[in-house]
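Please open the model in your viewer and keep the sequence panel beside it. The tour below moves from one selection to the next and says what is found at each stop.

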Amino acid sequence: MMPSANASLPDILAPGLDVIFCGINPGMRAAETGHHFMGRSNRFWKTMHLSGFTPTRIDPLNDRQILAHRCGLTTVVERPTARADELLRDEFISSSTALREKIERLKPRYIAFLGKPAYQVISGNPKVIWGKQAELFGGAMVWLLPNPSGLNRGFSLDALVEAYQALRYELVRVTR
């Protein structure tokens with residue numbers, strides 16, 4: 001079953017979270033089921049557990065449990081695709097205002113973009129680096145994390161966990 005053209009994945013958000021994880025856009029399976037990071041090869045939930053954000057591995061069908069760990073989920077672009085590289089640059093630009101307003105309204109401490117492409121376009125900086133960024137987005141500090149998609153073969157599970165742990169350690173550090 002293919003998601004309809006106007007299918008979108010519901011955000012899982014609340015005011016004042018520690019971090020909102022911001023995917024590029026919904027995958028087809030996520031849009032079809034209405035649950036984040038549903039793809040069989042997606043490593044998000046495993047990475048979240050192994051990096052210490054969650055004490056157990058959350059099943060994608062229970063994705064709303066992420067709120068109990070002061071984390072939220074959203075996407076830059078609402079349109080589902082099989083691959084993120086199917087998105088157009090203009091989609092990132094046109095979606096950025098609504099995303100910025102959402103972040104301003106909810107006031108998380110951090111927004112963590114999962115992958116560089118969307119943030120490169122939104123920030124106008126093609127040479128962004130992984131980790132903490134110098135500028136704010138919607139009043140939140142920005143952190144760039146590798147995309148956990150199974151299509152992202154540039155990062156092993158261990159490398160993903162290490163990158164996500166760096167953000168978790170930063171959150172613990174700034175809370176003290």
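Helices, written H or I and at least four residues long, and strands, written E and at least two residues long, are DSSP runs numbered from the N terminus. With that naming in hand, Ser96 can be placed in helix H3.

Before selecting anything, colour the chain by confidence, since this is a predicted model. The average pLDDT of the chain is 89, and 95% of the residues score at least 70. Over residues 1-6, however, the pLDDT is below 50, and beyond near neighbours in sequence this stretch has six contacts in the model.

**The sheet**

Select the strands next, and you will find an open sheet of five, in the order E2-E1-E3-E5-E4 and with mixed pairing. Strand E2 (71-75) and E4 stand at the edges with a single partner strand each, so one side of each has no neighbour in the sheet. On average, neighbouring strands of this sheet are turned by 30° against each other, direction ignored.

Now zoom in on strand E3 (residues 110-114) and strand E5 (residues 140-145), which run parallel and are joined by five bridges. To see one such bridge, pick Leu114, whose partner in E5 is Leu145.

**The helices against the sheet**

Adding H3 to the view shows this helix packed on the sheet, where it touches E1, E2, E3, E4 and E5, its direction making about 90° with that of E4. Show H5 as well, and this helix lies across E1, E3, E4 and E5, running at about 160° to E5.

Return to Ser96 in helix H3. Is Ser96 buried or exposed? Ser96 counts as buried because its relative accessibility is 12%, and buried means under 20%. Leaving aside residues up to four places away in sequence, Ser96 touches Ile122 and Phe137.

**The salt bridges**

Side chains of opposite charge can pair when their charged atoms come close. The structure holds six salt bridges, and the following stops visit some of them.

Select Asp11 and Lys102, which form a salt bridge with their closest N and O atoms 2.6 Å apart. This pair links distant parts of the chain, for Asp11 belongs to the segment before strand E1 (19-23) and Lys102 to helix H3 (residues 89-106), 91 residues apart. Asp11 is partly exposed, with a relative accessible area of 30%, whereas Lys102 is buried, with a value of 14%.

Continue to Glu170 and Lys132, whose side chains meet in a salt bridge at 3.3 Å, N to O. Because Glu170 lies in helix H5 (residues 157-175) and Lys132 in strand E4 (residues 131-137), the pair ties together parts that are 38 residues apart in sequence. Glu170 is buried, at 10% relative accessible area, while Lys132 is partly exposed, at 39%. Selecting Asp18, Arg70 and Arg109 together then shows one network, joined by salt bridges that share partners.

For the last stop, choose Glu32 and Arg29, which form a salt bridge whose closest N and O atoms are 3.7 Å apart. Where do Glu32 and Arg29 lie? Both lie in helix H1 (residues 28-33), three residues apart, which is about one turn of the helix. Glu32 counts as partly exposed at 33% relative accessibility, and Arg29 is partly exposed too, with a relative accessible area of 37%.

Notes:
Residues are numbered from 1 along each chain as its sequence is written. This is a predicted model: local features need pLDDT of at least 70, side-chain atom pairs count only at pLDDT 80 or more; totals for chains, interfaces and linings use all residues. Side-chain values use heavy atoms; hydrogens and water are left out. A salt bridge is a side-chain nitrogen of Lys or Arg within 4 Å of a carboxyl oxygen of Asp or Glu. Buried means under 20% relative accessible area, exposed over 50%, partly exposed in between (1.4 Å probe, protein chains only). Contact means heavy atoms within 4.5 Å. pLDDT is the predictor's confidence in each residue, from 0 to 100. Two strands pair if DSSP finds at least two bridges between them. Axes are lines fitted to C-alpha atoms, for helices over the stretch in contact, and angles run from 0 to 180 degrees between N-to-C directions.
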